[in-house]
Amino acid sequence: MARESRRVKIALAGIPNVGKSLIFNRLTGGRAWVGNWPGVTVEKKVGTLRVNGAEIEVVDLPGIYSLTAYSVDELIARNFIVEEKPDVVVCIVSAINLERSLYLALSLLELGANVVIDLNMVDLAEKEGYKIDYKKLEFLIGVPVVPTVATTGRGIGKLKETIVKAIHEKKVQARIVDYGRIVEEAISKIEEVIKDLAPELAEKYPARWIALKLLEGDSDIVGKVSKLPAGKEIIDKANQLREILGKKIGDPESYIVKQKYERVLEIVKAVVERVAVPRVSMTDLLDSVLTHKIVGIPLALSAIYLLFRFAFEVSVPLADLVDVAINSYLHDIVLGIHGLPDWLTSFLADGVIAGVGAVLIFLPIIAFFFLGFAILEDVGYMARVAFLVDKVFHKFNLPGKAVIPLIIGFGCNVPGVMAARAIEDENERKTTALIAPLASCNARLPVYLVIGGAVLGASAGFAVLSLYVLGIILALIVGLLLRKTLFKGASSGFIMELPPYMMPRFDNVAIKTWERTKRFLFKAGTVIFLGTVIVWLLSVTGPEGYLGPEALEDPQLLRESWAGILGQLLASTVFSLMGWDWRAAVALFFGFVAKEIVVSSMAILYGVGEEKIVDVIAERHVFTPLTAYAYMAFVLIYVPCIATLAMVRNELGLKYAILALIYEVLLAYIVSLSIISIGSVLGFR
Amino acid sequence: MPLAYAQEGKLVRIVAIRAGKGLHRRLHELGIIEGKMVRVIKTQGPGPVIIEIVNDSPYVSKRNFPPYRPIATGGRLLLGFGVAMKIMVEEV
């Protein structure tokens, strides 16, 4: 092996909520290459640590509790450690979550990793009135321990030094846990067999670790060993020992985990020392109200409502500015260029610039929505919301955590679908990704406002609110149906770390806001932009060929375009029961690209500017209140936008993107038709 | 009694875990082990719970600070309704 040419590489490991991403940023300066681990949609982050002129590659492992074969994240982590052999594995241990953190640390040591312990959040432990004797911890587990406070940067310099030192002084503590005479004897026997029959295996993995995994019956390792020439013999020996052990100590797997936990508790007991009377906990005070059985949910609804208000009010001036800059100023500049052919001017002005405008006008509101959300998340409130809704979500076979992709979806469905990644159970994750598009995103709101404002009068506000509720109810119902059919199977269990409330940190909030907004900007941006250009193309051409840009101004001419023909076809066939105008049907077709296009398309189709569209819809009686409400519901449900479908494909594959498309269109049709039929029976018009 | 039915603020002891192999191991690795004590911080009884794992013997207090309550160094966990139904507890 050409070891010289290999870059020095370290990995970061830790259980969820120990401040791992903050440590990553502190070590790498926040610059990271972000991608996926091969073959799975689990995020992989790689950065560079520069220290004393050396460049060290830093790989961020997924947040994990252990190194079993039960979870994809844990398999990724352990395969990385075994196969890529990072020079150092920094295990971040939370001082206020010592037991579970140390359990992972011991698991890493058993795997033979060269571990450095970063004892993080020591300031919070002090607030709780206890101290951790890190020197003693170092002595007990035999690897370096560095206390840090990632939020202030305390101890980070020392951590870097220790990492560099550890690269040259490899320490292996694979025997950190003593499992007792009976189990240890079995381990040594298997170890011997492995060393005799499969020395190549013993070179790659610590033999003791393989022996332990075989005793536990780890599916991945059993599979790997059975593929070896001597595999059967090793497995037989292990199974034989497992059986003997089973009679003496019960299930070996359970016994091994418990023993390891006992070891953790022993260490914790030895290193933790009370130094002060704990202060009254702010977290307990806040939680007594925020997670209260009765007032908790109303408070959560208020918080989300405030989030919306914040996003709208604050973004108005910026959105107006973008609107003027693009749709008036830039548009006029292009129209003012002389010497361009007509079609090119129209392509630039009505296709390209309108497309860019459609995306950019939503940028401020979406950015502020995600800013507010990131603050709520960073404070620790979103975990509480998951707790509050779990009882209801449980009835729909979904974990409480599924509420988070739905709330993000209120901002923009594209990052909403992606947020479903945080759900561990595969069936629940796929279901959540498929229902997240039913959350009414910011782009649908203008449609509700225009049509509701024109037709529904005083009850418009209530109608809009009801659509948000309808979206969530439908998401839950579809979720239940999916969980009963395609994604059957008991939940693997919703368990979540519940950290204390903390002050939001500027860099955390900024990074999260930017990451989600960026998804909207690039993912949605490119797709929506392309879509707008296609809409333009379908509007200025027809069966008779090129109609010229006048088609966009002249409703009669537009009727002759591909788009017009399609709309009339839709209005006279599938939508004939709905009583919608052909122009409204065309607008729906355009809305496939992005919901915000529905309003601008209607404006074009009625031959007026967007500012007058409300008056036109009201004066010409385009909708009755009933057909208007059905139309708004249709806009809510049918396909959020092409970008969201692209994201579903990205996360789940093409098959599920098609499924999402079909179910959403069908559901929209059924719901709208039901609104019209039930409404007319009840005497609404 | 399932943990989902335990009362807020009560200290309970885990007597059995009725879960499949994967979840069983996961719970063990989180420190939710038969015989251990757990304080129910929040519940929507019956429903999801927020718990704190309590260790039987309080940690040493060298400088004469009375251990008003055992030091919970375990952090808090949110267990969904489904999981909370699979953990059997008794009041202590």
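A helix axis is here a line fitted to the C-alpha atoms over the stretch of helix in contact, and the angle between two such axes runs from 0 to 180 degrees between their N-to-C directions. With that in hand, this predicted model can be read at two places: a pair of helices inside chain A that come within 10 Å of each other, and the contact that chain B makes with chain A.

**Two helices of chain A**

- The axes of helix 22 (residues 460-484) of chain A and helix 29 (residues 625-637) of chain A come within 10 Å and cross at roughly 45°.
- Because of that angle, helix 22 of chain A counts as oblique to helix 29 of chain A, and the crossing of these helices is right-handed.
- Helix 22 of chain A brings A:Ala463, A:Leu467, A:Leu470, A:Gly471 and A:Leu474 to the contact, while helix 29 of chain A brings A:Tyr629, A:Met632, A:Ala633, A:Leu636 and A:Ile637.
- Sorted by character, the residues of this contact are 9 nonpolar and 1 polar, with no charged residue.

**Where chain B touches chain A**

- This contact draws on 35 residues of chain B and 45 residues of chain A.
- On the side of chain B, the elements that give two or more residues are helix 1 (21-29), strand 4 (76-79) and helix 2 (81-86) of chain B, and helix 1 of chain B gives the most, with 6 residues.
- The residues on that side of chain B divide into 16 nonpolar, 12 polar and 7 charged.

**A strand pair between the chains**

- Strand 10 (residues 495-498) of chain A pairs with strand 4 of chain B in the antiparallel sense, over 4 bridges.
- Within strand 4 of chain B, B:Leu78 stands opposite A:Met496.

How values were computed: Residues numbered from 1 in each chain as written. Chains lettered and ligands numbered in written order. Predicted model: local features only at pLDDT ≥ 70, side-chain atom pairs only at ≥ 80, totals over all residues. Parallel < 35°, antiparallel > 145°, perpendicular 65-115°, else oblique. Left-handed = near helix turned anticlockwise from the far one by under 90°. Contact = placed C-beta atoms within 7 Å. Nonpolar A, V, L, I, M, F, W, Y, C, P; charged D, E, K, R; others polar. Pairing = 2+ DSSP bridges.
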